[in-house]
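Here is a friendly walk through a structure and the ligands it holds. Have the sequence and the 3D view ready as you read.

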Amino acid sequence: MGIRVSVLIILLGLLWSTGPYFYKGHKGCVECHSPHFETDGACVDCHRGDSRSHRIHIAHYRLIQGEYACFTLPDNSVVRDGRRLIDTSGCRRCHETGHQGNRLASHLDASLDKTLPEALALAIKSPAVFMPNFYFHESDILKLVNAILASSAVYASDSNETARIIHFEKNKEDSDNTFNKHCGSCHRVLTQQLGGLGQGDIGPNLSGIFSRFYFKSFKDDKFWNSKRLRQWLKNPRDIRVNTQMPPVKLTEDELRHLIHIMNP
Ligand code: HEC
Ligand code: HEC
Ligand code: HEC
Ligand code: HEC
């Protein structure tokens, strides 16, 4: 009995001496903020942070700021707008979000755990080489990040499979392939086998073109497939009267190789 009491006293002493943590009389976040949404949960449920500390940099650890916290509210219009932007921009050509999409780039359902909202916003504002620049307005970036986080909050536990790897290094096969030779001056594409190919931004980024996450931009609201791509390359103007793209002459071997590497 005596030993138990002294262990308890030592533990209490330790807690006391850890200072800012478990600070006596500390009321958590509301020490500095006026509360809101009190019936919807604790501050840290929506904003993260550490409510045990009164030191601002600890209390704000991995904080989700107000503008990125909209996704915590049910049926939120910011999230709805963001989801619409994800659909119309074709983000799922390359990313999985909301448990749907190609895995040619990072799995966005892992975002809530892995990446701070500010970093997600920055990645959209100043995109990586093989991600198109959409020139979004700041307010649209906020909507996109909230939509990504909303899906991530639901699907995070499914996102643990290893993300497929993008190789950026140059090797012989990379520079000799049909895409780089005949399309790469105007287009880019992310591929499973060869990573990112091409360096042109005149034409659209063709990543995931044979998947249902690419635009239905062939003709009459139709998806692309290998047969339709062949038709297009023979003479794009047969499909789209005013298109800027010139016909590309390819041998049957080159065509087959091209279709093979563009398949996600
Ligand atoms: C010691 C005082 C203090 C404590 C404790 C504290 N905050 Fe803050 N918080 C501030 C101040 C000051 C700012 C504004 C300056 C800044 O952003 O650093 C701020 C900013 C914020 C913002 C950003 C507001 C925005 O622009 O969106 C959020 C969200 C927030 N705090 C939530 C929390 C939460 C949640 C906790 C508890 C886990 C907490 N704070 C604990 C002082 C505090
Ligand atoms: C149900 C989710 C939710 C809970 C719980 C919640 N917040 Fe918020 N918070 C939000 C949202 C959404 C925003 C941005 C929109 C708004 O201000 O209404 C926000 C904005 C903020 C801001 C910045 C804007 C402002 O009002 O100054 C601060 C600071 C903040 N919250 C602190 C807190 C603190 C402290 C608590 C705990 C007492 C808390 N929040 C609880 C969702 C929540
Ligand atoms: C053509 C392919 C492609 C498309 C389309 C695309 N991205 Fe990306 N995205 C990338 C690549 C490549 C990266 C950087 C490498 C990586 O994170 O996998 C990236 C990175 C990101 C990141 C950073 C992820 C992290 O964890 O750091 C975010 C956020 C993001 N993209 C959001 C979007 C959104 C939102 C859209 C649609 C508006 C979009 N992307 C469309 C290819 C694409
Ligand atoms: C000289 C530049 C150039 C070359 C080379 C080129 N393209 Fe294009 N491509 C374009 C332009 C510009 C567009 C956009 C046309 C438009 O908006 O109508 C385009 C559009 C496309 C489209 C339609 C995509 C969509 O969603 O609308 C496909 C598919 C395509 N190109 C495939 C290819 C392939 C495959 C190659 C190589 C075999 C290639 N292109 C070579 C310039 C080029």
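The sections below go through the ligand sites and then two residues of the protein.

## About the model

This is a predicted model, in which local features need pLDDT of at least 70 and side-chain atom pairs count only at pLDDT 80 or more, while totals for chains, interfaces and linings use all residues. Residues are numbered from 1 along each chain as its sequence is written, chains are lettered from A and ligands numbered from 1 in the order in which they are written, and side-chain values use heavy atoms, with hydrogens and water left out.

## The iron atom of ligand 1

Let's start with the metal. H33 and H60 are the protein donors of the iron atom of ligand 1, each through NE2, at 1.9 to 2.1 Å. (Donors are N, O and S atoms within 2.8 Å of the metal, or 3.2 Å for Na, K and Ca; water is not among the atoms, so sites may look incomplete.) The site is octahedral, with angles of 87 to 179° among its six donor atoms. For six donors, that word requires opposite donors over 155 degrees apart and all others between 65 and 115. As a yardstick, ideal angles for six octahedral donors are 90 or 180 degrees.

The two histidines link distant parts of the chain: H33 sits in the loop between α1 (2-17) and α2 (43-47), and H60 in the loop between α3 (56-59) and α4 (77-89), 27 residues apart. (Helices are DSSP runs of H or I with at least four residues, strands are runs of E with at least two, and both are numbered from the N terminus.) H33 is partly exposed at 48% relative accessible area, and H60 is also partly exposed, at 32%. Here buried means under 20%, exposed over 50%, and partly exposed in between, with a 1.4 Å probe and protein chains only.

## The shells around ligands 1 and 2

Ligand 1 has 18 residues around it, of which C29, C32, H33, H60 and G66 come nearest. A residue counts here if one of its heavy atoms lies within 4 Å of the ligand. A polar backbone atom of G66 is 2.8 Å from an oxygen atom of ligand 1. Helix α2 gives the largest share of this shell, three residues.

Around ligand 2 there are 17 residues, with H36, C43, C46, H47 and G66 coming nearest. Nitrogen atoms of ligand 2 lie 2.7 Å from a side-chain N or O atom of H36 and 2.8 Å from one of H47.

## The iron atom of ligand 4

Which protein atoms are donors of the iron atom of ligand 4? They are H187 (NE2) and M245 (SD), lying 2.0 Å from the iron. The arrangement is octahedral because the six donor atoms subtend angles of 87 to 179°. H187, in the loop between α9 and β1 (189-191), and M245, in the loop between α11 and α12, are 58 residues apart. Both H187 and M245 are buried.

## T243 and N180

T243 lies in the loop between α11 (236-239) and α12 (252-262) and is buried, with a relative accessible area of 9%. Its side chain reaches the backbone nitrogen of M245 at 3.4 Å, a polar contact, meaning a pair of N or O atoms within 3.5 Å; within protein, one must be able to donate a hydrogen and the other to accept it, and residues adjacent in sequence count only if both atoms are side-chain atoms.

N180 lies in helix α9 (residues 178-182) and counts as buried at 18% relative accessibility. A polar atom of the N180 side chain lies 2.8 Å from the backbone nitrogen of G198.

How values were computed
Four donors count as tetrahedral if all angles lie between 85 and 135 degrees; four count as square planar and six as octahedral if opposite donors are over 155 degrees apart and all others between 65 and 115; anything else is irregular.
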